[in-house]
Amino acid sequence: TFVSAFTVLCGARTDLPDRHVCCVFWLNIAAALIQILTAIVMVGWIMSIFWGMDMVILASDSLTYYKEFIN
């Protein structure tokens, strides 16, 4: 989550197109901090797993879109 915050600053596409890049960056930083603070009670750990699964799903959808666009 922390790394994904910085990828937004490098031009990564987001699901929040109506928000400014800085807003999306800080939302990701906040999510990373919440994960770290709640890792003691396993909530942060579970949240990071779901966040990672969501990133993989979005990446595979993006790859499918890219392949259709090329062909």
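**Figure 1. Long-range contacts and overall dimensions of the predicted model.** Among contacts in the protein with a separation of 6 or more, 35% join residues 24 or more positions apart. The model is predicted. Its secondary structure comes to three helices and zero strands. From the N terminus on, the order of elements is α-α-α. Along the principal axes, the C-alpha atoms fill a box of roughly 50 × 25 × 15 Å. The radius of gyration is 14 Å, whereas a compact globule of 71 residues would have one near 11 Å. Of the 71 residues, 15% count as buried.

**Figure 2. Helix H1 against helix H2.** H1 covers residues 2–9 and H2 covers residues 21–37. Their axes come within 8 Å and cross at roughly 175°. An angle over 145 degrees counts as roughly antiparallel, and the two helices are therefore roughly antiparallel to each other. On the H1 side, the contact is made by Phe2, Ser4, Ala5, Phe6, Val8 and Leu9. On the H2 side, Val21, Val24, Phe25, Asn28, Ile29 and Ala32 take part. By class, this contact has 10 nonpolar residues, two polar residues and no charged ones.

**Figure 3. The aromatic cluster of Phe6, Phe25 and Trp26.** The structure holds two aromatic pairs. In one pair, the ring centres of phenylalanine 6 and phenylalanine 25 are 5.2 Å apart. Their planes stand at 70°, so this pair is edge-to-face. The pair links distant parts of the chain, with phenylalanine 6 in helix H1 and phenylalanine 25 in helix H2, 19 residues apart. Phenylalanine 6 is partly exposed, at a relative accessible area of 38%. Phenylalanine 25 is buried, at 9%. Phenylalanine 25 also pairs with tryptophan 26, with ring centres 5.0 Å apart. Here the planes stand at 75°, so this pair too is edge-to-face. Tryptophan 26 is exposed, with a relative accessible area of 55%. Phe6, Phe25 and Trp26 form one aromatic cluster.

**Figure 4. Leucine 9 in helix H1.** Leucine 9 lies in helix H1. Its relative accessibility is 45%, so leucine 9 counts as partly exposed. Not counting neighbours within four places in sequence, leucine 9 is in contact with Val21 and Phe25. Both of these partners belong to the H2 side of the helix contact. Phe25 is also the buried ring of the preceding view, with a relative accessible area of 9%. Leucine 9 and isoleucine 70 are 61 residues apart in sequence. In space, their C-alpha atoms are 26 Å apart.

**Figure 5. Asparagine 28, a buried residue of helix H2.** Asparagine 28 sits in helix H2. At 9% relative accessibility, asparagine 28 counts as buried. Outside the four nearest places in sequence, asparagine 28 touches Thr1, Ser4, Ala5, Val8 and Trp51. Of these partners, Ser4, Ala5 and Val8 are among the H1 residues that meet H2.

**Figure 6. Isoleucine 29 and its partners.** Isoleucine 29 is found in helix H2. This residue is buried, with a relative accessible area of 10%. Leaving aside residues up to four places away in sequence, isoleucine 29 touches Phe2, Ala5 and Phe6. These three partners appear on the H1 side of the helix contact. Ala5 also touches asparagine 28. Phe6 belongs to the aromatic cluster with Phe25 and Trp26. The C-alpha atoms of isoleucine 29 and phenylalanine 69 are separated by 32 Å. Along the chain, those two residues are 40 residues apart.

**Figure 7. Glutamine 35 in helix H2.** Glutamine 35 has its place in helix H2. Its relative accessible area is 9%, and glutamine 35 is buried. Beyond neighbours within four places in sequence, glutamine 35 is in contact with Thr1, Gly44, Met47, Ser48 and Trp51. Thr1 and Trp51 also touch asparagine 28.

How values were computed
Residues numbered from 1 in each chain as written. Predicted model: local features only at pLDDT ≥ 70, side-chain atom pairs only at ≥ 80, totals over all residues. Heavy atoms only, no water. Axes fitted to C-alpha atoms, helices over the stretch in contact; angles between N-to-C directions. Helix = DSSP H or I, 4+ residues; strand = E, 2+ residues; numbered from the N terminus. Parallel < 35°, antiparallel > 145°, perpendicular 65-115°, else oblique. Contact = heavy atoms within 4.5 Å. Nonpolar A, V, L, I, M, F, W, Y, C, P; charged D, E, K, R; others polar. Phe/Tyr/Trp six-rings, centres within 6.5 Å; stacked < 30°, edge-to-face > 60°. Buried < 20%, exposed > 50% of the residue type's maximum accessible area, 1.4 Å probe, protein only. Rg over C-alpha atoms; globule rule 2.2 N^0.38 Å.
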